[in-house]
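Me: I am new to this structure and would like a close look at a single part of it, the loop in which a tryptophan and its neighbour have unusual backbone angles. Please start there and then connect that part to the rest of the chain.

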Amino acid sequence: MARPGPSKDKGPRAWQRMLSGRRLDLLDPSPLDIEIEDIAHGLARVARWNGQTKGDHAFTVAEHCVLVDDICARFRPGWPSRWRLAALLHDAPEYVIGDMISPFKAALGIDYKAFEKRLAGAIHMRFGLPAELPHTVEEIIKRADKASAFFEATQIAGFEDEEAARIFSRPRGLAPISLKPLPTREAQARFLKRFEELTAA
């Protein structure tokens, strides 16, 4: 059952109502107000690359998260399922804040990064992960994230190979992965299925 929402008062509303009925306070997020169904629903409706991709469907953050987990599994065969879960959830805050491209995040500055980090910490705690991941785990996820960006950039976002290699680095020791943007419901279902597989493990 959803907790009662913050009282009407004093300042601008800082919570968002989710379809589950939860009300997530964006300034002070509680793990109790985070549901995986809300995350999957939101991420499957957020487009990577601001929607500037080829195909009939956007390439969603939900698909990107599954791809990053796939790449982590290739980089680290036998990696513990909890760290793969962290990879799957690495962009989970975007279910409420959207997918801002890196140049815009840089322009917004450190306050935005702190806000994103606080929400990520609450999401981690909700699903049994440490609020802050070990540095070695973070590094593998970041490496997989960059590899994913390279494949997305060159296959569906219109980048030339050399341009993408200069910006994102060409993945080393990794066979190319073919991408096909999915309809929203399929992207959502794939994300949830992966979550269930990793948490069952």
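Reply: W49 is found in the loop between α1 and α2, and in this predicted model its phi is near 60 degrees, a positive value in a residue other than glycine. N50 lies in the loop between α1 and α2 as well, and N50 also has a positive phi, of about 55 degrees, although it is not a glycine. As for its surroundings, W49 has a relative accessible area of 17%, and because buried means under 20%, W49 counts as buried.

The helix on the N-terminal side of this loop is α1, which covers residues 36–43, and two of its residues give a picture of its setting. H41 lies in helix α1 and has a relative accessibility of 25%, so that H41 counts as partly exposed; the range in question runs between the 20% limit for buried and the 50% limit for exposed. Leaving aside its neighbours within four places in sequence, H41 is in contact with L19 and Q188. The C-alpha atom of H41 is separated by 25 Å from that of Q155, a residue 114 positions apart from H41 along the chain.

I39 belongs to the largest nonpolar core, a set of 62 residues in which I39 and F191 touch the most other members. Eight helices, namely α1 (36–43), α2 (61–75), α3 (81–88), α4 (94–97), α6 (110–126), α7 (135–155), α8 (161–168) and α9 (184–200), each supply at least two residues of this core. Not counting residues up to four places away in sequence, I39 touches I34, A92, Y95, I123, F127 and F191, so the two residues with the most core partners, I39 and F191, also touch each other, given that contact means heavy atoms within 4.5 Å.

On the other side of the loop comes α2, which spans residues 61–75, and following the chain past α2 leads to P77, in the loop between α2 and α3. Is P77 buried or exposed? At 67% relative accessibility P77 counts as exposed, since the limit for that class is over 50%, whereas W49, in the loop between α1 and α2, is buried. The C-alpha atoms of P77 and V96 are separated by 32 Å, with their positions 19 residues apart along the chain.

Beyond P77 the chain enters α3, residues 81–88, whose buried residues are W83, L85, A86, A87 and L88. These buried residues of α3 pack against α2, α7 and α9.

A third loop, the one between α8 and α9, holds L174, which at 12% relative accessibility counts as buried. L174 touches I71, R74, F75, A147 and F151, not counting residues up to four places away in sequence. One of these partners, R74, is 100 residues apart from L174 in sequence, yet the two are 7.7 Å apart in space, C-alpha to C-alpha.

Stepping back to the whole chain, its secondary structure comes to 9 helices and 2 strands, and from the N terminus on the elements run β-β-α-α-α-α-α-α-α-α-α. Of the 201 residues, 47% count as buried, and residues 24 or more positions apart account for 64% of the contacts with a separation of 6 or more. The protein chain has a radius of gyration of 17 Å, which agrees with the value near 17 Å for a compact globule with 201 residues, and along its principal axes the C-alpha trace spans about 55 × 35 × 35 Å. The chain exposes about 11,000 Å², of which carbon and sulfur atoms supply 52%, and among its side chains 30 are positive and 28 negative, with the centres of the two sets 2 Å apart.

Technical notes:
Residues numbered from 1 in each chain as written. Predicted model: local features only at pLDDT ≥ 70, side-chain atom pairs only at ≥ 80, totals over all residues. Heavy atoms only, no water. Helix = DSSP H or I, 4+ residues; strand = E, 2+ residues; numbered from the N terminus. Rg over C-alpha atoms; globule rule 2.2 N^0.38 Å. Buried < 20%, exposed > 50% of the residue type's maximum accessible area, 1.4 Å probe, protein only. Areas by Shrake-Rupley, 256 points an atom, 1.4 Å probe, with all protein chains shown as cover. Lys, Arg positive; Asp, Glu negative; His and termini not counted. Charge placed at Lys NZ, Arg CZ, Asp CG, Glu CD. Core = buried A, V, L, I, M, F, W, Y, C linked by side-chain atoms within 4.5 Å.
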